[in-house]
Amino acid sequence: MLPDYLPELFVTLSQRFGLLLAGGVAVLTLTPLGRISLTRKPSRRTWVAQTLLFGLFGVLGTYSGNVVFQSYANMRAMGVITAGLFGGPAMGLGAGLIAGGHRYLIDIAGFSALPCSLATVLEGLAAGLVARRLGNRRLHWGYAGGIALVGESVHMVLVASLSKPTTDALALVQIIAGPMILVNALGASLFVELLAMQIRFRDKRDSGQTHQILSIVNQTVGLLRRGLNPESARATAKIIYDLIPVAAVDITSKDRVLAHMGDGGDHHVPGSPIRTEATKKALEEGEGVFIRDREMIGCDVTTCPLTEAIIVPLRKSSRIVGCLKLYGTADKPLDHTRFELAKGLADIFSTQLELEDIQIKNQLLAHAEIRRLQAQINPHFLFNSLNTIASFCRTSPRQARELLLDLSHYMRQSLDSSRGFIPFAEELSRVRSYISIEKARFSDRIRYEEDIAPEAEAWLAPPLLVQPLVENGVRHGILGRESGGVVRLTVRVDDDVLRVCVEDDGVGMPPQVIAEMLAPSQESEHLEGGIGVRNCNSRLGQLFGPEHGLAIASTPGKGTRVELTIPSTPLSSPDAVLASVGRENAVS
């Protein structure tokens with residue numbers, strides 16, 4: 001005949017199990033201890049903290065039980081089995097040792113202390129071994145319930161066989177076996193399932209947050225590489241405001257509002273000084289803040305609807321250059337997820353701002369290369385041209401005059417380094433002046449043909465880009481043959497890209513020479529004719545990216561073909577870059 005208080009024992013354990021379960025899930029879901037992935041190994045500190053936490057659940061499982069015959073009807077198994085399935089054998093064993101060791105020490109004189117402690121350790125270890133075999137499928141309520149049923153059954157066998165006197169042990173097992181097996185199996189199942197649901201929810205939330213970040217980055221890429229200014233800030237703020245459900249988005253410089261989208265736009269006006277004290281503090285201290293109080297935001301307009309704010313600094317290298325701010329209201333509150341999202345976006349935007357400096361340096365380097373090329377105008381070409389013109393002065397004064405104008409035009413464009421991009425028509429004019437002079441020198445040995453699309457002449461292009469290629473085709477292509485040859489220039493506009501082709505039917509080049517001419521190092525400078533080609537290829541890569549570099553195809557004895565492309569919209573205006581540098585030099 002079972003004791004009358006057996007149903008009461010079952011009810012009591014069930015009630016306390018609910019409290020223990022709620023507390024355990026709350027701790028693991030609301031603290032950083034539960035923020036790990038089943039596929040990612042936690043840090044040593046996190047692992048230790050989680051093991052201690054599950055061990056503590058086991059200890060609380062002991063205290064939440066009932067004392068029966070100098071023993072405990074308890075729920076230790078619920079915590080240690082979850083530890084094993086969650087963290088593997090080491091965590092299950094660790095939690096089992098903590099909970100089981102505590103059970104043994106507080107009841108060292110009790111007749112069931114040793115088997116109860118041993119059973120707790122074995123359950124944690126067994127759950128960990130099962131988890132190792134199951135891998136990412138381990139957090140399933142069925143596995144947890146099954147392990148608890150088997151584990152607690154073994155627990156009862158150990159109590160009955162190892163506890164003395166045997167009669168008391170059997171009486172104890174008869175009373176506590178049913179409630180403990182059922183409650184621990186149910187508790188472990190629910191604990192593991194709730195933990196699995198939390199992980200799935202967090203993974204889904206993180207996936208959504210990652211998608212938001214990638215979508216924003218995809219749409220804003222390149223905007224802040226032009227610098228932090230009202231135009232780039234306004235475009236960036238609008239993209240963020242459209243994709244993230246917040247009350248307002250604000251981007252500032254160090255002292256002014258650059259862009260504001262959303263609520264509060266009547267007084268958070270772009271171009272106006274920063275109004276909020278919290279922003280000024282974030283700019284000074286360089287730390288992101290999450291403010292949940294209207295007063296702490298510090299807006300000087302009492303009717304401002306913004307009640308919450310996330311403020312994260314934007315950096316360029318080590319300097320703070322502004323802030324990204326997300327605002328919340330009573331209808332659109334902010335949360336920690338938005339805070340992490342804002343910090344991630346600020347890091348990405350800061351990287352884009354740093355790329356602006358790198359881009360400007362590359363453009364300045366490209367213009368330095370232009371100046372260097374301009375300084376390398378072949379003195380032999382100049383002397384030979386003057387000698388040719390001098391010889392025509394007696395035999396054909398009119399032609400001599402035309403050649404002088406061509407040479408003057410050629411030299412003026414070669415030495416003018418004050419401009420950035422020029423209409424392609426100006427580069428064509430320089431090519432034609434060069435060809436006129438060379439044809440006067442070499443007569444019928446040089447034949448020149450061109451096929452230029454009308455719309456190409458207005459295209460903006462770097463100066464000194466095509467003429468060096470034509471000159472290379474003349475000097476090292478067709479003049480290498482006794483009979484001379486043809487240099488042909490073809491220019492087309494295709495898919496918003498200017499496509500330029502310079503080809504000749506001269507002596508050609510072997511592949512190793514082409515490779516050296518296009519090498520990024522200075523090694524190609526020992527090649528006759530390699531400087532101009534390498535310079536053109538380098539400047540194209542610096543200004544537009546490596547995909548716009550030179551493409552050279554050549555066959556020894558048959559000729560050479562050089563192709564290049566110039567996009568319609570440069571990454572930023574070289575004129576603006578040079579003007580900016582000029583202003584900085586003037587100030588300094």
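**Helix packing and ring pairs around Phe 54**

Modeller: In this predicted model, helix H2 (residues 44–63) packs with helix H3 (residues 76–87) at an angle of about 160°, and their axes lie 6 Å apart.

Colleague: Why are H2 and H3 called roughly antiparallel?

Modeller: Angles over 145 degrees count as roughly antiparallel. The angle here is about 160°, and H2 and H3 are therefore roughly antiparallel to each other. Their crossing is right-handed.

Colleague: Which residues of H2 and H3 meet?

Modeller: From H2, Trp 47, Gln 50, Phe 54, Phe 57, Gly 58, Gly 61 and Thr 62 take part; from H3, Arg 76, Gly 79, Thr 82, Ala 83, Phe 86 and Gly 87. Five of the contact residues are nonpolar, seven polar and one charged.

Colleague: What makes the rings of Phe 54 and Phe 86 a tilted pair?

Modeller: Ring centres must lie within 6.5 Å to pair, and planes that are neither under 30 degrees nor over 60 degrees apart count as tilted. The centres of Phe 54 and Phe 86 are 5.6 Å apart and the planes stand at 55°, so the pair is tilted. Phe 54 in helix H2 and Phe 86 in helix H3 are 32 residues apart, and both are buried.

Colleague: Why is the pair of Phe 54 and Phe 191 also called tilted?

Modeller: The centres of these two rings are 6.4 Å apart and their planes are at 50°, so this pair is tilted. Phe 191 lies in helix H7 (residues 166–220), so the pair ties together parts 137 residues apart in sequence. Both Phe 54 and Phe 191 are buried. Ring pairs join Phe 54, Phe 57, Phe 86 and Phe 191 into a cluster.

Note on methods
Residues numbered from 1 in each chain as written. Predicted model: local features only at pLDDT ≥ 70, side-chain atom pairs only at ≥ 80, totals over all residues. Heavy atoms only, no water. Axes fitted to C-alpha atoms, helices over the stretch in contact; angles between N-to-C directions. Helix = DSSP H or I, 4+ residues; strand = E, 2+ residues; numbered from the N terminus. Parallel < 35°, antiparallel > 145°, perpendicular 65-115°, else oblique. Left-handed = near helix turned anticlockwise from the far one by under 90°. Contact = heavy atoms within 4.5 Å. Nonpolar A, V, L, I, M, F, W, Y, C, P; charged D, E, K, R; others polar. Phe/Tyr/Trp six-rings, centres within 6.5 Å; stacked < 30°, edge-to-face > 60°. Buried < 20%, exposed > 50% of the residue type's maximum accessible area, 1.4 Å probe, protein only.
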